[in-house]
Amino acid sequence: LVTCDYNGTDNWIINTTCSLTSKAFTIHGNITILDSGNLSLRNVNLTINNNDYSKNITIFQFGKLEILDIDENNNTISDRSIINTTILTIPKCEGTASACSNFDDDQSGCENQGCTYLDPSCIGTPTACSRVSQDPTSCVNIAGCGWNTIYIRNPNIIGLYNSVFIAKNSYFQMFGNNGTHVFGKGGIEINGSSLIVNNTFFNIRSISIYNNNLSFQGNIVNDSLAEDNAANIVSALAIVNVINSTLSTNYFNIPINSTNLYAIQVDNSTNVTLSNFDIKILDTTSDGIRLISSKNISIVSSTILSSSAQNPLTLIYTNFSNVSFNNLSTTSATANILLQNSFNNTLYYNNMTNGNGITLLKSDFNSIFNSYFNSSIGSAGGGLSISNSNNNTIVSYTSYHGLFGISIYNSSDNYIRDLKITMFGIGSNSTNIQATSTNNKIVDSVLSIKALS
(Lines give C-alpha, C1' and ligand atoms only; values in the text may rest on other atoms or scores of the structure.)
Protein backbone atom coordinates (compact mmCIF):
# COMPACT_ATOMS: atom_id res chain seq x y z
CA LEU A 1 0.00 0.00 0.00
CA VAL A 2 1.51 3.34 -1.10
CA THR A 3 -0.43 6.13 0.57
CA CYS A 4 -0.51 8.39 3.62
CA ASP A 5 -3.53 6.47 4.92
CA TYR A 6 -3.01 2.92 6.12
CA ASN A 7 -5.72 0.44 5.07
CA GLY A 8 -5.26 -1.80 8.10
CA THR A 9 -4.08 -4.98 6.38
CA ASP A 10 -1.01 -4.59 4.17
CA ASN A 11 2.55 -3.33 4.32
CA TRP A 12 2.69 0.46 4.45
CA ILE A 13 4.99 2.16 1.95
CA ILE A 14 5.70 5.90 2.21
CA ASN A 15 7.01 7.65 -0.93
CA THR A 16 5.81 11.19 -0.25
CA THR A 17 5.46 13.56 2.71
CA CYS A 18 2.94 12.17 5.19
CA SER A 19 1.93 13.71 8.51
CA LEU A 20 -0.42 12.00 10.97
CA THR A 21 -1.65 13.59 14.19
CA SER A 22 -3.62 12.18 17.14
CA LYS A 23 -4.37 8.78 15.68
CA ALA A 24 -4.27 5.23 17.01
CA PHE A 25 -3.93 2.23 14.73
CA THR A 26 -2.30 -1.19 14.32
CA ILE A 27 0.07 -2.12 11.51
CA HIS A 28 -0.14 -5.69 10.21
CA GLY A 29 2.86 -5.43 7.90
CA ASN A 30 6.15 -3.62 7.45
CA ILE A 31 6.53 0.15 7.25
CA THR A 32 8.91 1.23 4.49
CA ILE A 33 9.92 4.86 3.98
CA LEU A 34 11.44 5.25 0.51
CA ASP A 35 14.07 7.79 -0.52
CA SER A 36 11.31 10.27 -1.43
CA GLY A 37 9.32 9.59 1.74
CA ASN A 38 8.90 11.58 4.95
CA LEU A 39 6.66 10.15 7.67
CA SER A 40 5.84 12.40 10.62
CA LEU A 41 3.85 11.01 13.55
CA ARG A 42 2.56 13.35 16.28
CA ASN A 43 0.61 12.00 19.25
CA VAL A 44 0.18 8.73 17.37
CA ASN A 45 -0.33 5.41 19.14
CA LEU A 46 1.13 2.90 16.68
CA THR A 47 1.09 -0.82 17.46
CA ILE A 48 2.88 -3.33 15.25
CA ASN A 49 1.07 -6.66 15.19
CA ASN A 50 3.86 -9.05 15.94
CA ASN A 51 2.49 -12.19 14.29
CA ASP A 52 5.61 -13.39 12.50
CA TYR A 53 9.38 -12.83 12.36
CA SER A 54 9.65 -10.21 9.64
CA LYS A 55 8.25 -6.90 10.87
CA ASN A 56 10.46 -3.83 10.50
CA ILE A 57 10.22 -0.09 10.12
CA THR A 58 12.83 0.67 7.45
CA ILE A 59 14.00 4.15 6.45
CA PHE A 60 15.78 4.11 3.10
CA GLN A 61 18.54 6.48 2.03
CA PHE A 62 17.28 10.10 2.13
CA GLY A 63 14.04 8.95 3.75
CA LYS A 64 12.93 10.51 7.03
CA LEU A 65 10.97 9.31 10.06
CA GLU A 66 9.83 11.69 12.81
CA ILE A 67 8.14 10.45 15.98
CA LEU A 68 7.01 13.43 18.03
CA ASP A 69 4.57 14.88 20.48
CA ILE A 70 2.37 17.89 19.71
CA ASP A 71 3.55 20.68 22.00
CA GLU A 72 7.28 19.71 22.04
CA ASN A 73 7.17 19.79 25.83
CA ASN A 74 8.55 16.77 27.66
CA ASN A 75 6.64 17.68 30.82
CA THR A 76 3.29 16.93 29.18
CA ILE A 77 2.93 13.22 28.48
CA SER A 78 -0.66 12.96 27.23
CA ASP A 79 0.34 14.01 23.71
CA ARG A 80 3.30 11.65 23.38
CA SER A 81 3.59 9.29 20.46
CA ILE A 82 3.68 5.64 21.52
CA ILE A 83 5.34 3.02 19.35
CA ASN A 84 4.95 -0.52 20.61
CA THR A 85 4.39 -4.09 19.51
CA THR A 86 2.31 -7.03 20.46
CA ILE A 87 4.33 -9.89 21.92
CA LEU A 88 4.66 -13.03 19.84
CA THR A 89 4.48 -16.01 22.19
CA ILE A 90 5.84 -19.40 21.20
CA PRO A 91 4.76 -22.28 23.45
CA LYS A 92 7.40 -24.94 23.66
CA CYS A 93 8.12 -28.28 25.31
CA GLU A 94 11.72 -28.22 26.53
CA GLY A 95 14.14 -30.46 28.38
CA THR A 96 15.60 -33.95 28.06
CA ALA A 97 13.26 -36.89 28.52
CA SER A 98 14.34 -39.33 31.21
CA ALA A 99 15.82 -42.61 29.98
CA CYS A 100 13.53 -45.63 29.60
CA SER A 101 15.63 -47.64 32.06
CA ASN A 102 14.52 -45.27 34.84
CA PHE A 103 11.05 -46.87 34.61
CA ASP A 104 11.86 -50.54 35.12
CA ASP A 105 9.04 -52.15 37.15
CA ASP A 106 6.80 -49.17 36.24
CA GLN A 107 4.72 -50.02 33.20
CA SER A 108 2.58 -46.86 33.28
CA GLY A 109 5.59 -44.56 33.63
CA CYS A 110 7.44 -46.48 30.93
CA GLU A 111 4.61 -46.10 28.42
CA ASN A 112 4.17 -42.42 29.25
CA GLN A 113 7.79 -41.94 28.18
CA GLY A 114 7.03 -43.53 24.81
CA CYS A 115 9.11 -46.56 25.73
CA THR A 116 8.30 -50.28 25.48
CA TYR A 117 7.60 -52.26 28.63
CA LEU A 118 8.87 -55.87 28.73
CA ASP A 119 8.30 -56.98 32.29
CA PRO A 120 10.29 -56.16 34.36
CA SER A 121 12.25 -53.86 32.03
CA CYS A 122 11.49 -50.58 30.24
CA ILE A 123 13.38 -50.42 26.95
CA GLY A 124 13.62 -48.28 23.85
CA THR A 125 14.03 -44.57 23.25
CA PRO A 126 11.86 -42.04 25.09
CA THR A 127 9.78 -39.49 23.19
CA ALA A 128 11.82 -36.34 22.65
CA CYS A 129 10.41 -33.26 24.39
CA SER A 130 10.47 -31.35 21.10
CA ARG A 131 8.12 -33.88 19.48
CA VAL A 132 5.24 -32.73 21.68
CA SER A 133 6.05 -29.02 21.49
CA GLN A 134 2.43 -28.04 20.82
CA ASP A 135 0.83 -30.28 23.43
CA PRO A 136 1.30 -29.08 27.03
CA THR A 137 -0.50 -32.08 28.55
CA SER A 138 1.68 -34.63 26.79
CA CYS A 139 4.74 -32.53 27.54
CA VAL A 140 4.36 -32.50 31.32
CA ASN A 141 3.50 -36.21 31.32
CA ILE A 142 6.98 -37.00 30.00
CA ALA A 143 9.46 -37.05 32.86
CA GLY A 144 12.31 -34.61 32.18
CA CYS A 145 10.20 -32.33 29.95
CA GLY A 146 8.73 -28.99 30.91
CA TRP A 147 6.31 -26.55 29.28
CA ASN A 148 7.63 -23.08 28.60
CA THR A 149 6.54 -20.01 26.70
CA ILE A 150 9.11 -17.95 24.83
CA TYR A 151 8.32 -14.29 24.24
CA ILE A 152 9.67 -12.78 21.04
CA ARG A 153 9.81 -9.08 20.22
CA ASN A 154 10.27 -8.94 16.50
CA PRO A 155 10.14 -5.43 15.04
CA ASN A 156 13.20 -3.29 14.45
CA ILE A 157 13.51 0.33 13.42
CA ILE A 158 16.22 0.40 10.77
CA GLY A 159 17.65 3.56 9.22
CA LEU A 160 19.84 2.86 6.19
CA TYR A 161 22.78 5.01 5.12
CA ASN A 162 21.97 8.75 4.92
CA SER A 163 18.51 8.31 6.39
CA VAL A 164 17.12 10.63 9.06
CA PHE A 165 15.55 9.46 12.34
CA ILE A 166 14.08 12.00 14.76
CA ALA A 167 12.39 10.98 18.01
CA LYS A 168 11.31 13.48 20.65
CA ASN A 169 9.17 13.18 23.76
CA SER A 170 7.88 9.74 22.77
CA TYR A 171 7.61 6.21 24.14
CA PHE A 172 9.01 3.02 22.59
CA GLN A 173 8.29 -0.44 23.93
CA MET A 174 9.54 -3.92 23.03
CA PHE A 175 11.74 -3.70 19.95
CA GLY A 176 14.36 -6.19 18.80
CA ASN A 177 14.25 -9.84 17.86
CA ASN A 178 16.23 -13.06 17.69
CA GLY A 179 16.50 -13.09 13.89
CA THR A 180 18.93 -11.43 11.51
CA HIS A 181 19.35 -7.67 11.46
CA VAL A 182 20.89 -5.20 9.04
CA PHE A 183 23.60 -4.19 11.50
CA GLY A 184 23.53 -7.16 13.84
CA LYS A 185 22.05 -6.12 17.18
CA GLY A 186 18.34 -5.54 16.66
CA GLY A 187 16.08 -2.94 18.19
CA ILE A 188 16.74 0.54 16.81
CA GLU A 189 19.62 0.62 14.32
CA ILE A 190 20.37 3.91 12.56
CA ASN A 191 23.07 4.35 9.94
CA GLY A 192 22.14 7.98 9.37
CA SER A 193 21.51 11.25 11.16
CA SER A 194 19.79 10.88 14.52
CA LEU A 195 18.12 13.29 16.92
CA ILE A 196 16.86 11.29 19.91
CA VAL A 197 15.67 13.50 22.76
CA ASN A 198 13.53 12.99 25.88
CA ASN A 199 12.18 9.55 25.01
CA THR A 200 11.47 6.49 27.12
CA PHE A 201 12.64 3.11 25.83
CA PHE A 202 11.27 0.11 27.66
CA ASN A 203 12.31 -3.49 26.97
CA ILE A 204 14.33 -2.62 23.91
CA ARG A 205 17.07 -4.93 22.72
CA SER A 206 19.60 -2.31 21.70
CA ILE A 207 19.92 1.20 20.30
CA SER A 208 22.73 1.31 17.75
CA ILE A 209 23.95 4.42 15.96
CA TYR A 210 26.46 4.18 13.10
CA ASN A 211 28.53 6.50 10.93
CA ASN A 212 26.93 9.85 11.60
CA ASN A 213 26.39 12.71 13.97
CA LEU A 214 24.18 11.96 16.93
CA SER A 215 22.25 13.95 19.50
CA PHE A 216 21.03 11.66 22.30
CA GLN A 217 19.73 13.60 25.27
CA GLY A 218 17.31 13.24 28.15
CA ASN A 219 16.34 9.64 27.38
CA ILE A 220 15.33 6.87 29.77
CA VAL A 221 16.39 3.34 28.82
CA ASN A 222 14.98 0.49 30.91
CA ASP A 223 16.53 -2.58 29.41
CA SER A 224 14.96 -5.91 30.42
CA LEU A 225 15.12 -8.79 27.97
CA ALA A 226 15.25 -12.08 29.85
CA GLU A 227 11.89 -13.36 28.67
CA ASP A 228 12.86 -13.46 24.99
CA ASN A 229 15.75 -15.91 25.58
CA ALA A 230 18.09 -13.63 23.66
CA ALA A 231 21.77 -14.34 23.29
CA ASN A 232 24.19 -11.79 24.72
CA ILE A 233 23.70 -8.31 23.32
CA VAL A 234 26.82 -6.18 23.08
CA SER A 235 25.30 -3.06 24.60
CA ALA A 236 22.06 -1.27 25.35
CA LEU A 237 23.48 1.72 23.45
CA ALA A 238 26.13 1.21 20.78
CA ILE A 239 27.87 4.19 19.17
CA VAL A 240 30.02 3.15 16.22
CA ASN A 241 32.03 5.36 13.83
CA VAL A 242 30.31 8.46 15.23
CA ILE A 243 31.98 11.90 15.24
CA ASN A 244 31.32 15.32 16.76
CA SER A 245 28.35 14.25 18.87
CA THR A 246 26.89 14.97 22.29
CA LEU A 247 25.00 12.62 24.59
CA SER A 248 23.77 14.09 27.84
CA THR A 249 21.44 13.58 30.80
CA ASN A 250 20.36 10.03 30.01
CA TYR A 251 19.27 7.33 32.45
CA PHE A 252 20.06 3.63 31.94
CA ASN A 253 18.75 0.78 34.06
CA ILE A 254 20.38 -2.61 33.41
CA PRO A 255 18.45 -5.16 35.52
CA ILE A 256 19.51 -8.46 37.00
CA ASN A 257 18.23 -10.48 34.05
CA SER A 258 19.85 -8.38 31.34
CA THR A 259 21.82 -9.99 28.53
CA ASN A 260 23.97 -6.94 27.75
CA LEU A 261 27.75 -6.99 28.07
CA TYR A 262 27.89 -3.20 28.41
CA ALA A 263 25.38 -0.49 29.14
CA ILE A 264 27.08 1.78 26.60
CA GLN A 265 29.80 1.02 24.07
CA VAL A 266 31.62 3.69 22.08
CA ASP A 267 33.57 2.09 19.24
CA ASN A 268 35.91 3.72 16.73
CA SER A 269 34.45 7.17 17.39
CA THR A 270 35.94 10.65 17.69
CA ASN A 271 34.97 13.87 19.47
CA VAL A 272 32.03 12.41 21.39
CA THR A 273 30.90 13.76 24.77
CA LEU A 274 28.91 11.74 27.30
CA SER A 275 27.82 13.88 30.21
CA ASN A 276 25.42 13.66 33.16
CA PHE A 277 24.61 9.99 32.62
CA ASP A 278 22.95 8.01 35.39
CA ILE A 279 23.62 4.28 34.94
CA LYS A 280 22.44 1.60 37.35
CA ILE A 281 23.64 -1.96 36.70
CA LEU A 282 22.07 -4.77 38.72
CA ASP A 283 23.08 -7.83 36.70
CA THR A 284 26.41 -9.60 37.09
CA THR A 285 27.84 -9.45 33.57
CA SER A 286 27.52 -5.87 32.36
CA ASP A 287 30.16 -3.16 32.21
CA GLY A 288 29.05 0.43 32.52
CA ILE A 289 30.63 2.52 29.74
CA ARG A 290 33.19 0.91 27.44
CA LEU A 291 35.35 2.92 25.05
CA ILE A 292 37.27 1.00 22.41
CA SER A 293 39.50 2.21 19.58
CA SER A 294 38.30 5.78 20.05
CA LYS A 295 39.86 9.18 20.69
CA ASN A 296 38.90 12.57 22.05
CA ILE A 297 36.03 11.13 24.05
CA SER A 298 34.77 12.95 27.16
CA ILE A 299 32.93 11.23 30.00
CA VAL A 300 32.00 13.83 32.56
CA SER A 301 29.71 14.41 35.53
CA SER A 302 28.16 10.95 35.36
CA THR A 303 27.17 8.33 37.92
CA ILE A 304 27.69 4.60 37.36
CA LEU A 305 26.54 2.28 40.15
CA SER A 306 27.36 -1.32 39.42
CA SER A 307 26.49 -4.60 41.13
CA SER A 308 28.37 -6.35 38.35
CA ALA A 309 31.61 -8.31 38.32
CA GLN A 310 32.72 -5.96 35.54
CA ASN A 311 34.13 -2.44 35.38
CA PRO A 312 31.96 0.67 35.65
CA LEU A 313 34.26 2.43 33.16
CA THR A 314 36.68 0.86 30.67
CA LEU A 315 39.01 2.44 28.10
CA ILE A 316 40.64 0.05 25.60
CA TYR A 317 42.85 1.32 22.78
CA THR A 318 41.43 4.76 23.53
CA ASN A 319 43.59 7.89 23.45
CA PHE A 320 43.46 11.62 24.17
CA SER A 321 40.24 11.32 26.13
CA ASN A 322 38.92 12.97 29.27
CA VAL A 323 37.26 11.28 32.26
CA SER A 324 36.32 13.74 34.97
CA PHE A 325 33.91 14.57 37.81
CA ASN A 326 32.34 11.11 37.83
CA ASN A 327 30.97 9.02 40.71
CA LEU A 328 31.65 5.30 40.27
CA SER A 329 30.91 2.29 42.41
CA THR A 330 31.23 -1.48 42.08
CA THR A 331 30.57 -4.38 44.44
CA SER A 332 33.30 -6.67 43.10
CA ALA A 333 37.09 -6.62 43.01
CA THR A 334 37.18 -5.17 39.50
CA ALA A 335 38.48 -1.70 38.70
CA ASN A 336 36.20 1.29 38.85
CA ILE A 337 38.26 2.69 35.97
CA LEU A 338 40.34 0.43 33.73
CA LEU A 339 42.76 1.77 31.13
CA GLN A 340 44.10 -0.94 28.85
CA ASN A 341 46.42 -0.19 25.91
CA SER A 342 45.34 3.45 26.20
CA PHE A 343 47.54 6.54 25.99
CA ASN A 344 47.53 10.27 26.71
CA ASN A 345 44.25 10.30 28.58
CA THR A 346 43.38 12.69 31.40
CA LEU A 347 41.42 11.62 34.50
CA TYR A 348 40.55 14.03 37.30
CA TYR A 349 38.12 14.53 40.18
CA ASN A 350 36.69 11.03 40.00
CA ASN A 351 35.19 9.50 43.16
CA MET A 352 35.31 5.69 43.36
CA THR A 353 33.82 3.28 45.90
CA ASN A 354 34.68 -0.39 46.57
CA GLY A 355 36.33 -2.87 44.26
CA ASN A 356 39.59 -1.42 42.92
CA GLY A 357 40.18 2.22 42.21
CA ILE A 358 42.08 2.85 38.96
CA THR A 359 43.97 0.15 37.05
CA LEU A 360 46.51 0.99 34.33
CA LEU A 361 47.37 -1.99 32.13
CA LYS A 362 49.81 -1.51 29.26
CA SER A 363 48.91 2.17 29.22
CA ASP A 364 51.39 5.04 28.99
CA PHE A 365 51.53 8.83 29.28
CA ASN A 366 48.22 9.21 31.09
CA SER A 367 47.56 11.92 33.68
CA ILE A 368 45.48 11.29 36.79
CA PHE A 369 44.64 14.16 39.15
CA ASN A 370 42.60 14.61 42.32
CA SER A 371 41.07 11.15 42.52
CA TYR A 372 39.47 9.62 45.59
CA PHE A 373 38.97 5.92 46.32
CA ASN A 374 37.23 4.49 49.38
CA SER A 375 36.79 0.75 49.84
CA SER A 376 35.14 -1.34 52.51
CA ILE A 377 37.38 -2.59 55.32
CA GLY A 378 38.58 -6.07 54.40
CA SER A 379 37.84 -5.59 50.71
CA ALA A 380 40.04 -7.53 48.28
CA GLY A 381 40.41 -4.42 46.14
CA GLY A 382 43.08 -1.77 46.15
CA GLY A 383 43.50 1.88 45.37
CA LEU A 384 45.83 2.20 42.38
CA SER A 385 47.31 -0.56 40.25
CA ILE A 386 49.98 0.10 37.60
CA SER A 387 50.99 -2.88 35.47
CA ASN A 388 53.22 -2.83 32.38
CA SER A 389 52.61 0.90 32.15
CA ASN A 390 55.12 3.71 31.85
CA ASN A 391 55.47 7.47 32.02
CA ASN A 392 52.17 8.12 33.74
CA THR A 393 51.62 11.07 36.07
CA ILE A 394 49.45 10.69 39.18
CA VAL A 395 48.92 13.71 41.44
CA SER A 396 46.68 13.99 44.52
CA TYR A 397 45.36 10.44 44.71
CA THR A 398 43.64 9.39 47.94
CA SER A 399 43.04 5.72 48.77
CA TYR A 400 41.18 4.68 51.91
CA HIS A 401 40.81 1.07 53.14
CA GLY A 402 41.19 -1.82 50.69
CA LEU A 403 43.80 -4.59 50.60
CA PHE A 404 46.56 -2.42 49.18
CA GLY A 405 47.12 1.24 48.46
CA ILE A 406 49.30 1.18 45.36
CA SER A 407 50.75 -1.68 43.33
CA ILE A 408 53.41 -1.19 40.65
CA TYR A 409 54.37 -4.16 38.49
CA ASN A 410 56.82 -4.24 35.59
CA SER A 411 56.42 -0.50 35.08
CA SER A 412 58.88 2.37 34.83
CA ASP A 413 59.21 6.13 34.90
CA ASN A 414 55.89 6.84 36.54
CA TYR A 415 55.67 10.01 38.63
CA ILE A 416 53.41 9.98 41.69
CA ARG A 417 52.97 12.97 43.99
CA ASP A 418 50.67 13.78 46.89
CA LEU A 419 49.57 10.18 47.31
CA LYS A 420 47.53 9.68 50.48
CA ILE A 421 47.02 6.04 51.45
CA THR A 422 45.37 4.94 54.67
CA MET A 423 45.13 1.19 55.30
CA PHE A 424 43.49 -0.62 58.18
CA GLY A 425 44.40 -3.93 59.81
CA ILE A 426 46.96 -6.70 59.60
CA GLY A 427 47.66 -7.93 56.10
CA SER A 428 47.23 -4.57 54.40
CA ASN A 429 50.02 -3.17 52.22
CA SER A 430 50.31 0.54 51.57
CA THR A 431 52.71 -0.11 48.68
CA ASN A 432 53.63 -3.14 46.62
CA ILE A 433 56.41 -2.35 44.14
CA GLN A 434 57.84 -5.30 42.21
CA ALA A 435 61.58 -5.59 41.46
CA THR A 436 60.84 -5.49 37.74
CA SER A 437 59.77 -1.85 38.11
CA THR A 438 62.38 0.90 37.82
CA ASN A 439 62.70 4.65 38.15
CA ASN A 440 59.23 5.21 39.57
CA LYS A 441 58.98 8.23 41.88
CA ILE A 442 56.61 8.62 44.81
CA VAL A 443 57.10 12.02 46.43
CA ASP A 444 55.36 14.25 48.96
CA SER A 445 53.08 11.39 49.98
CA VAL A 446 51.62 9.92 53.15
CA LEU A 447 51.41 6.13 53.44
CA SER A 448 49.98 4.70 56.66
CA ILE A 449 48.53 1.52 58.16
CA LYS A 450 46.24 1.84 61.15
CA ALA A 451 44.89 -0.72 63.57
CA LEU A 452 41.22 -1.56 63.41
CA SER A 453 39.34 0.11 66.24
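In the predicted model, the secondary structure of the chain consists of two helices and 46 strands. The chain has 453 residues, of which 52% count as buried. Its accessible surface amounts to about 18300 Å², and carbon and sulfur atoms account for 49% of this area. Among contacts between residues at least 6 apart in sequence, 62% join residues at least 24 apart.

The largest nonpolar core comprises 76 residues, and within this core Phe165 and Ile264 have the most contacts. Strand S43, which spans residues 415-424, gives the most to the core, contributing four residues. A second core, separate from the largest one, is made up of seven residues, including Cys93, Ala97, Ile142 and Cys145.

The surroundings of Phe165 were examined with its neighbours within four places in sequence left aside. On the N-terminal side of the numbering, Phe165 is in contact with Ile59, Leu65, Ile67 and Ile157. Further contacts of Phe165 are made with Phe172, Ile188, Ile190, Leu195 and Ile196, as well as with two serines, Ser193 and Ser194.

Eight aromatic pairs are present in the structure. In one of them, the ring centres of Phe325 and Tyr348 lie 5.6 Å apart and the ring planes meet at 85°, so this pair is classed as edge-to-face, the cut-off for that class being over 60 degrees. The two partners come from distant parts of the chain and are 23 residues apart. Phe325 is located in the loop between strand S33 (322-324) and strand S34 (327-330), whereas Tyr348 belongs to strand S36 (residues 346-348).

Tyr348 also pairs with Tyr349: the centres of these two rings are 6.2 Å apart and their planes stand at 85°, so this pair is likewise edge-to-face. As for solvent accessibility, residues between the limits of 20% and 50% relative accessible area are treated as partly exposed. Phe325, at 44% relative accessibility, therefore counts as partly exposed. Tyr348 has a relative accessible area of 25% and is partly exposed, and Tyr349 is placed in the partly exposed class with a relative accessibility of 42%.

Elsewhere in the chain, an aromatic cluster is formed by Tyr6, Trp12 and Phe25.

Notes
Residues are numbered from 1 along each chain as its sequence is written. This is a predicted model: local features need pLDDT of at least 70, side-chain atom pairs count only at pLDDT 80 or more; totals for chains, interfaces and linings use all residues. Side-chain values use heavy atoms; hydrogens and water are left out. A nonpolar core is a set of buried Ala, Val, Leu, Ile, Met, Phe, Trp, Tyr and Cys residues joined through side-chain atoms within 4.5 Å. Buried means under 20% relative accessible area, exposed over 50%, partly exposed in between (1.4 Å probe, protein chains only). Contact means heavy atoms within 4.5 Å. Rings of Phe, Tyr and Trp (its six-membered ring) pair if their centres lie within 6.5 Å; planes under 30 degrees apart count as stacked, over 60 as edge-to-face and the rest as tilted. Accessible areas come from the Shrake-Rupley method with a 1.4 Å probe; for residues, only the protein chains shown count as cover.
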